[in-house]
Amino acid sequence: MWTMDTIEWLDIELTSFCNIRCKGCFREISNEADKILNKEYLDLDTIKEKFKKEHFSNIKIVNFCGSVDEPTTHPQFFDIIRYFADWNAHINIATNGSLRTEKWWATLATLLPESHRVTWGIDGADSVSEIYREGSNFEKVKKNFRAFNGAGGKSNWQFIVFEHNEHQLDQAKEIAKQEGFKDFKTIISHRKDTKTVKPKQDEIDTVEELSYISCKYSNQKRIFINHMGNVIPCCHYNSKMLEYSVTGKVKDQFEELLDKHNYKDTINLKSTTVDQAINSDIWKEIINSWSTDSPAPRCNQVCKQLKRDKFIKEKL
Ligand SMILES: C[S@@+](CC[C@H](N)C(=O)[O-])C[C@H]1O[C@@H](n2cnc3c(N)ncnc32)[C@H](O)[C@@H]1O
Ligand code: SF4
Ligand code: SF4
């Protein structure tokens with residue numbers, strides 16, 4: 001299913017720090033947030049030791065986007081970018097854009113390889129964006145993206161549609177065009193609690209459910225590494241992985257596997273390699289469950305019932 005030679009895409013959650021509070025984020029929703037957040041970084045030495053270019057012969061994308069992190073909070077961020085910049089892979093960075101200075105962002109543009117995107121999560125065309133991105137400041141974000149784009153950086157504007165910002169979608173697209181963004185991504189979020197907007201029939205693929213589990217991450221030859229160093233099949237397991245790490249509470253088959261196969265010794269980078277993790281019994285049993293009568297529940301929800309976000313991507 002996954003092998004080191006076929007992995008094309010790494011998702012890396014660099015930290016458990018963020019400067020703002022988005023209402024729908026795991027940081028705000030999880031009951032265990034205080035035990036997880038603002039504690040740990042995946043440090044540069046671990047990254048250098050566990051991610052060596054020669055072990056990822058088919059790598060195409062390194063994506064700095066986790067479930068709880070603002071990657072630009074990482075104190076060694078520039079060194080991490082420098083490290084991956086000569087991998088000959090595309091680098092993506094998902095950010096709220098409200099940290100750091102214009103000088104910092106202009107420098108980042110010079111460090112990134114030719115193929116890159118910074119994906120700015122801006123859910124509005126002005127201060128309306130601060131309604132969801134609570135604690136952010138649109139004017140500051142604007143200064144930062146101008147500095148980055150002006151220094152040759154390539155940007156993607158990402159807009160999560162809610163009832164309160166839907167009316168600004170076209171305006172945001174227009175600003176993105178004027179400001180030199182390369183792409184525009186609209187997210188129709190499946191999360192219920194933040195008054196997100198239902199997709200229009202003609203806008204997206206309307207398939208409601210598949211007859212089998214079609215693993216999004218293995219189809220994309222992609223894996224996920226969280227800031228604690230746990231190597232897991234995808235981002236959709238990260239909330240469970242993080243919560244189990246601090247509570248030890250078994251909720252379903254997934255935590256049973258973490259417990260049974262002692263995840264700290266089998267999928268955590270403090271004691272394993274990425275190769276060992278993706279070949280571990282935890283990974284094998286998740287994959288094997290797909291063809292049984294009791295598939296891992298999260299896999300069933302996300303990759304059969306398709307309970308996940310929908311994206312609409314446009315070139316500007
Ligand atoms: C936890 S964030 C980490 C990256 C960065 N802090 C950010 O917000 O862009 C991961 C991704 O989730 C997105 N996100 C935040 N709230 C969301 C929501 N309610 N529905 C769907 N995606 C959301 C973010 O925009 C980002 O692309
Ligand atoms: S900026 Fe990203 S990590 Fe921070 S609260 Fe918002 S979604 Fe979560
Ligand atoms: S939820 Fe399961 S099936 Fe879906 S991408 Fe993740 S590991 Fe694959």
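**Close-up views of a predicted model**

**Figure 1. The surroundings of ligand 2 in the predicted model.** The residues around ligand 2 are C18, I20, R21, C22, C25, R27, V68, D69, E70 and N96. Sorted by class, this shell contains five nonpolar, one polar and four charged residues.

**Figure 2. The surroundings of ligand 3.** The shell here consists of I213, C215, K216, Y217, S218, P233, C234, H236, R298, C299, V302 and C303. Eight of these residues are nonpolar, two are polar and two are charged. Which helix gives the most to the shell around ligand 3? Helix 15 does, with four residues. At least two residues of the shell come from helix 9 (216-219), and at least two come from helix 15 (297-303).

**Figure 3. The open sheet and its edges.** Nine strands make up this sheet, in the order 10-9-1-3-4-5-7-8-11, and their pairing is mixed. Strand 10 and strand 11 (310-315) stand at the edges and have a single partner strand each, so one side of each lacks a neighbour in the sheet. Strands of a sheet pair through backbone hydrogen bonds, and the pairing may be parallel or antiparallel. At the edge formed by strand 11, six bridges connect this strand to strand 8 (residues 183-188), and the two run antiparallel. Within this pair, D183 stands opposite K315 of strand 11.

**Figure 4. Strand 9 and its two partners.** Strand 1 (residues 9-12) is joined to strand 9 by four bridges, and these strands run parallel. In this pairing, L10 stands opposite I223 of strand 9. Strand 10 (residues 231-232) is joined to strand 9 by two bridges, and here the strands run antiparallel. The bridge partner of F224 in strand 10 is I232. Five residues lie between the strands in the hairpin of strand 9 and strand 10, where G229 takes a positive phi near 95°.

**Figure 5. I223 in the largest nonpolar core.** Are the residues on the two faces of strand 9 (residues 222-225) buried or exposed? Both faces are covered: R222 and F224 on one side are buried, as are I223 and I225 on the other. The largest nonpolar core has 73 residues, of which W157, I223 and V231 touch the most other members. Apart from neighbours within four places in sequence, the contacts of I223 are W2, I7, L10, Y217, V231, P233 and I278. In soluble globular proteins, nonpolar side chains tend to be buried together.

**Figure 6. The buried side of helix 11.** In helix 11 (residues 253-260), the buried residues are F254, L257 and L258. Why do they lie on the same side of helix 11? They do so because they cover an arc of only 100° around the axis. An α-helix has 3.6 residues a turn, so residues three or four places apart point the same way. The elements covering the buried residues of helix 11 include helix 10 (238-247), helix 12 (263-266), helix 14 (281-289) and helix 15. After helix 11 comes N262, which has a positive phi near 45°.

**Figure 7. Helix 10 and what covers it.** The buried residues in helix 10 include N238, M241, L242, E243 and Y244. Among the elements covering them are helix 2 (33-36), strand 9, strand 10 and helix 11. Just after helix 10, G248 adopts a positive phi of about 70°.

Conventions:
Residues are numbered from 1 along each chain as its sequence is written. Chains are lettered from A and ligands numbered from 1 in the order in which they are written. This is a predicted model: local features need pLDDT of at least 70, side-chain atom pairs count only at pLDDT 80 or more; totals for chains, interfaces and linings use all residues. A nonpolar core is a set of buried Ala, Val, Leu, Ile, Met, Phe, Trp, Tyr and Cys residues joined through C-beta atoms within 7 Å. A residue is buried if 20 or more other C-beta atoms lie within 10 Å of its own, exposed if 12 or fewer, and partly exposed in between; C-beta atoms are placed from the backbone. Two residues are in contact if their C-beta atoms, placed from the backbone, lie within 7 Å. Two strands pair if DSSP finds at least two bridges between them. A residue is near a molecule or strand if its C-beta atom, placed from the backbone, lies within 6 Å of it. Ala, Val, Leu, Ile, Met, Phe, Trp, Tyr, Cys and Pro count as nonpolar, Asp, Glu, Lys and Arg as charged, and the others, Gly among them, as polar. The arc is that of the directions from the helix axis to the C-beta atoms.
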